[in-house]
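Here's a quick tour for anyone meeting this structure for the first time. Take a look at it, then read on.

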Amino acid sequence: MAFFKTQERTKERFSLLLLDLEEYYFEQHTAYHVTSKSRKEKKIRGSFKVCSRSIIFDPDGLAEPIIKIPLRDCQKIEFVEKENNPFNDPRPPAITVSCEQVIFIKESNVIAPYRNERGSEKLTFELEDWSKTEDVVQTLLQLHRASCLDKLGDQTAMIAANLQSRLARSSFDKNWFQSVAEKPHMECTVEMVMPLVSNPGHVCITNENLYFQPLNGHPHVIQIKLNEVRRIYKRRHGLRPLGLEVFCSENNLCSDIYLKFYNPADRDEIYYYIATFLENHIKEHTAESYMLQWQRGHLSNYEYLLHLNNLADRSCNDLSQYPVFPWVIADYTSTQLDLTNAATFRDLSKPIGALNQERLDRLLARYRGMPEPRFIYGSHYSSPGYVLFYLFRVAPEHMLCLQNGRYDHADRMFNSISETWKNCLEGATDFKELIPEFYGNDSSFLENRLSLDLGRKQNGTLVGDVLLPPWALDARDFLKKHKSALESQYVSEHLHEWIDLVFGFKQRGSEAVEAHNVFHPLTYEGGIDCDSIEDTDQRIAMLTQILEFGQTPKQLFTSPHPQRITPRFQNITRSSSINSTVGELSPVSLCEDSSFEDLTEESRKMAWGNMGNLNRISSHKIHKEAVTGIAVTRDGASIFSTSQDSTLKMFSKELKEFQRSISFSNMALSSCLMLADGKTVVCSSWDNNVYFYSIPYGRRQDTLMGHDDAVSEICWFDDRLYTASWDSTVKVWQCSSNNQSSHKKTKFELLAELEHDAGVNTVSLNPAGTLLVSGCKDGTVTIWDTSSYQTLQQVHCHAGTVHHSAFSPDSRHVLTVGDDSCMKVIDVQTGMVISSVKAEEEQRCFCWDGSSVLCGGQSGNLLLWDLLSNTVISRIPAHSGAVTAMWMNELCNTVITGGEDKQIMLWRLQS
């Protein structure tokens, strides 16, 4: 199980979990515990460990218990000088400890609740290295004084001073370097963080490795090769920006090391140094880039939630910020689990506390009568206690550490999944969600494989394995079906609603109040600045309260999270628990010739997968200025292009020469398109007009004088013409001909005028003609409903002119490029910018399939981008000036580009 990866580093019986919370293990010495029974002296060899609040003696023999003596319970710690009486055997110096309490742990080497013996005791220890005895006693006396101080803040300060003194007197041992050629870059003091405990020491980073050497030598030095690092995250630790977590795998739940630094500057320097090694492996992802991958089915629901938890500071090494996953099933009583029935599932649009209306009404009544700051829920959905409630069967020592050496009452333990769910619905203070292990592959946390004696319930039965729902054959089957539920269509369609509550815009503010999602203010990031509390005792108490109570994840989204594109997602689902055929999972096609549609779609996918192999067939310089638009006849025989030289040119693909040159005015033409009849080319011009050119008649057919400034771009759907202009409008025209013959005049009826705050530079329709996107000179992108002409979304996403915009084939997203060299992906449903890429140069035009983008850049190259990883896959040399126009055929295997070098170039995919 990922949670216990850190435990695998040592098989010793001693563990840092035997210490109190917030306690440090400083040093160890080989020693003998001297006992006298029936006047016969017995010496038990073991390890004498000096800790900041206790003495621990770990015997070598497994049958002997580990002894823990809290320093606060010590009455006297003495150094007994060695005895040199010539009539007796020489006696070594010793340490005697007189105390009021001794704690016995792991008696007979069994993990069980600790046994506390109260009453006056005197214990004697002899160090194997006699010379260190007096120094150890002085250290213990100093730590004893700290433990006996009245104020917790004074205790903490004195222990911290001792720790920092020890760290200052030591340094990383460079003999641990793996090679004599290694060059150290930086060394500093840190603590390695693990669940409930931390271990101080030194971190050293070289040109090859990251090393951590514990101050106490437990465990030995940890080494991580920098070229194996795949992910790094800055972390909040104890509400301060001091943490750094390093992963050497892409999708593992648990990291390879979690370090807490003593100042943010050290943390940041090592973070950015390691980041230089990541460039060859994986680019740093954002929540938006993961969202795009998830939306398009490249990440499962489980993987996406793991990534969001990571980005929101949730870590398996920090139980106060453990990854949080949702309850998704509401049916724990049926004999069969029906994943096609919506009633099987929990309502993901509501927090746990709002699922039971009767309980919610009582909570809201209390909330309304509460003084500020008000909260609906007095406990959190994730806390150290809740995490160990689920995991105590595999983490008994963690539970004993958290609960002062005791297990919880047997009836309050995690005994039944159904009862736990019921309590989350009905309990007055129980609002807990789940943890990732419920959707993993390791079922050991549901079974008492360690044969732990966890006590008896009130009905007399022993606590054993977790009672599973009737629909689960065993623990492994439960996890398999539970994960199938997480990846089901219902959850895929509604998971965004839960993300809004936990990571998104309903986490805080008025939206949280409206969603009944308000927790105690101390649980939120920035809810309190502990450093501003001057009283040390109050500050420590406040921090302890926050860490024990649980913390709300860092907010990742401030606008509604988009829904998943479920049909495409289902087609790629590989879960063995879903037995549907591809045909059943595919969306129903409304087209009669669906087989042809499927074939075309498959051809497009293959083409985009092969787009890096684009081959230039020919290039032709047919204009005197930059090319601005390209249109092609339906048979592909003739290519039309517009240019800033004010001409429309007709080029024969077969004859490889231009056949016609048409000039409508002396002003530049800005774009062109081919009407569906294949007989008319429509051109927009900087002279404020739109021109219709008849191919059969070889002349201008109509002129639309519709704007007060240059017409920048046009698009057409079902006899409707959309014209964008620098006069800050997009106009919608109904175009109807009096006669079918193309030489008759066309009637233009103005249907709508879409107002903007700046000149409109680009306009585009979605494939169905139901949505329009416009991009302006001020960087604003607006999405319109073409039936009502209402604004659906308006996003200011570029720092300058928007050059080009286009919908994805499924109409879920809009891609835009601007003169700020950025590419932005906007979610149509929510208006959220879900991906932002800063390119090395301006991108002027593009074609895309929703995941990959073929861009024309300022340098003249064609760049193939993968938006899911935000990386350039292929760079294809093309024009000698900026690429200014691009056309792609329906099968996506032929491309035509135009550039500032006055050329058009024909490209085809290599078969």
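What follows covers the model itself, one of its sheets, and its cysteines.

## About the model

This is a predicted model, where local features need pLDDT of at least 70, side-chain atom pairs count only at pLDDT 80 or more, and totals for chains, interfaces and linings use all residues. Residues are numbered from 1 along each chain as its sequence is written, and side-chain values use heavy atoms, with hydrogens and water left out.

## A four-stranded sheet

Let's start with an open sheet built from four strands, in the order 16-17-18-19, with antiparallel pairing. Strands here are DSSP runs (E, at least two residues), numbered from the N terminus, and two of them pair if DSSP finds at least two bridges between them. At the edges sit strand 16 (627–632) and strand 19 (657–663), each pairing on one side only. On average, neighbouring strands of this sheet are turned by 20° against each other, direction ignored; the axes behind that angle are lines fitted to C-alpha atoms, and angles run from 0 to 180 degrees between N-to-C directions.

Now zoom in on strand 18 (residues 647–652): six bridges tie it to strand 19, and the two run antiparallel. T647 has S663 of strand 19 as its bridge partner.

## Cysteines without disulfides

How many disulfides does the structure hold? Zero, counting a disulfide as a pair of cysteine sulfur atoms within 2.5 Å. Take C204: its closest cysteine sulfur, in C188, is 9.2 Å away, so that's too far for a bond. C248 is in no disulfide either, with the nearest cysteine sulfur, that of C254, 12 Å away.

Are these two cysteines, C204 and C248, buried or exposed? C204 is buried, at a relative accessible area of 1%, while C248 is partly exposed, at 23%. Buried means under 20% relative accessible area, exposed means over 50%, and partly exposed is in between (1.4 Å probe, protein chains only).
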